[in-house]
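Before turning to the questions, please look over the sequence and the coordinates. The dialogue takes up one feature at a time.

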Amino acid sequence: MKTRTLLDGFDIEQFQLDLIGWFEKEQRDLPWRKDNDPYKVWVSEIMLQQTKVDTVIPYFNKFIEQFPTLEALAEADEEEVLKAWEGLGYYSRIRNLHAAVKEVKEQYGGKIPDNREQFSKLKGVGPYTTGAVLSIAYGIPEPAVDGNVMRVLSRIFLVWEDIAKTGTRKLFEAIVRQIISRENPSYFNQALMELGALICTPRNPACLLCPVQAHCRALQEGVQTELPVKTKKTSVKQVAIAAAVLKDEHGKVLIHKRDSDGLLANLWEFPNCEVAHSRENPERQLEKFLKEEYGAIVQLEKPFAVLEHVFSHLVWNITVYDGKLVNGFTETEQLKLVDEREISLYAFPASHQRIWREYKEKKTGG
DNA sequence: AACCCGTGGGC
DNA sequence: TGCCCAAGGGT
């Protein structure tokens, strides 16, 4: 007896022709598509993780201008590299990429590995990035399954598995291994993603414009808007933060470098702490924190801003105080007094860029 | 396997 | 406004 499979009745060759033909005609003109330099492909793939194309474009152009080659990035210092990533988010991406690029320079003579075994061992390189770089830069038929590909294929093959679950990706990789073009795996993978971005969108997919509509089982069944199945996450934790812009008698500003692990690792910030919902004033709690943690005696004034900053997994409710640095403290690599002009030299997360913007507006605005 | 890790835009 | 979304990886 024969087992029914997902691919029964599926015309693989025609699908490849329709998909790649559409991509050749309709693909967007993107800066990382000007050549297939493995370094540039790699950088673009890291930047594009969980990040929209429109957001990435200016970062990519500036990054490549600043670090045109793998060697240039490998030799750059950490602060400079982190500054280039400022505002992009998921900062472990750049820390891992920098480490990985150094590894390639030292262990592989600067040549990015062209096989799964070696390339996927590099820091920050997972199953998706491995397939993307190997197929796009080297023409190797490896699956590159991202959110787009899972959405597109779940509709084409009527897959009802929950794509929010970690293990589901493997199912789609198995499908791609069976249908990927051996002649042009680069365009095949890119076309699946491009289709997901332009036509087979999460809501209101443009099925009438779709180059592979004849192959789509979800469209045939009229259930394209019910796929993919994706369970939603629970609501995020709220955290109260008290922060301060502190100046000494010379008008210099106190900034602090965050820990090398965890949230916003290695980025600079204005001194702050989480405040508990206790009877003690937030000001008191912040003063105590600054004294105990930094040895800084401060005079806090009224808060000049209250900001909400939403992360993917938590929310900061930040009360920002104006303040004077009354007593000395020990300046270290992690704790610095800097001139206002020098603030722009340090990499701050978006939340603290907002704090500084509010502060400047308040000062210049009156 | 579930959770941590950013940000900005669309509806 | 609140929620969802985006070319994921590490632990």
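What follows is a conversation between a learner and a teacher about how to read this model.

Q: What should be kept in mind about the model before reading any feature?
A: This is a predicted model, in which local features need pLDDT of at least 70 and side-chain atom pairs count only at pLDDT 80 or more, while totals for chains, interfaces and linings use all residues. Residues are numbered from 1 along each chain as its sequence is written, chains are lettered from A and ligands numbered from 1 in the order in which they are written, and side-chain values use heavy atoms, with hydrogens and water left out.

Q: How many helices and strands are there in chain A, and into which domains is the chain divided?
A: Helices (H or I, at least four residues) and strands (E, at least two) are DSSP runs numbered from the N terminus, and chain A has 14 helices and 7 strands. Its C-alpha atoms fill a box of roughly 80 × 50 × 40 Å along the principal axes. Domain bounds come from an automatic or database domain assignment, which here gives domain 1 (12–226) and domain 2 (237–365). The C-alpha centres of these two domains lie 37 Å apart. With contact taken as heavy atoms within 4.5 Å, 9 residues of domain 1 are in contact with 16 residues of domain 2.

Q: How is an enclosed space told from an open one, and what is the volume of the largest cavity?
A: On a 1 Å grid over the protein atoms alone, a cavity is a set of points where a 1.4 Å probe fits but cannot get out, whereas a pocket is an open set with protein on both sides within 12 Å along at least five of seven lines; lining residues have an atom within 4 Å of a point. Grid points are joined across faces, edges and corners, and a volume is the space filled by probe spheres set on the points. The structure holds 1 cavity of 30 Å³ or more, and the volume of the largest cavity is about 100 Å³. Its lining has 15 residues, with Arg155, Cys200, Cys207, Cys210 and Cys216 nearest the centre. Counting Ala, Val, Leu, Ile, Met, Phe, Trp, Tyr, Cys and Pro as nonpolar, Asp, Glu, Lys and Arg as charged, and the others, Gly among them, as polar, this lining has 12 nonpolar, 2 polar and 1 charged residues.

Q: Which element gives the largest share of that cavity lining, and is that helix mostly covered or uncovered?
A: The largest share, 3 residues, comes from helix 9 (residues 147–156). Where buried means under 20% relative accessible area, exposed over 50% and partly exposed in between (1.4 Å probe, protein chains only), 9 of the 10 residues of helix 9 are buried, Arg155 among them. The cover over these buried residues includes helix 1 (12–26), helix 10 (168–179), helix 11 (185–198) and helix 12 (217–221). At the N-terminal end of helix 9, aspartate 146 acts as a cap, with a side-chain oxygen 3.2 Å from the backbone nitrogen of asparagine 148.

Q: Which residues are closest to the centre of the second largest pocket?
A: This pocket holds about 430 Å³ of space. Of its 19 lining residues, Gly89, Tyr90, Tyr91, Leu264 and Phe311 are the closest to the centre. Helix 6 (92–107), strand 5 (298–310) and helix 14 (350–365) are the elements that give two or more residues to the lining. By class, the lining divides into 10 nonpolar, 8 polar and 1 charged, and at least three residues come from each of domain 1 and domain 2.

Q: Which backbone angles deserve attention?
A: Most residues other than glycine have a negative phi, and most peptide bonds are trans. Leucine 264 has a positive phi near 55° and lies in the loop between strand 2 (253–257) and strand 3 (268–269); asparagine 266, in the loop between strand 2 and strand 3, has a positive phi of about 70°. Leucine 264 is buried at a relative accessible area of 10%, and asparagine 266 is buried at 9%. A cis peptide bond, with omega about 0°, joins leucine 227 and proline 228.

Conventions
Polar contact = N/O pair within 3.5 Å; in protein donor to acceptor, adjacent residues only side chain to side chain.
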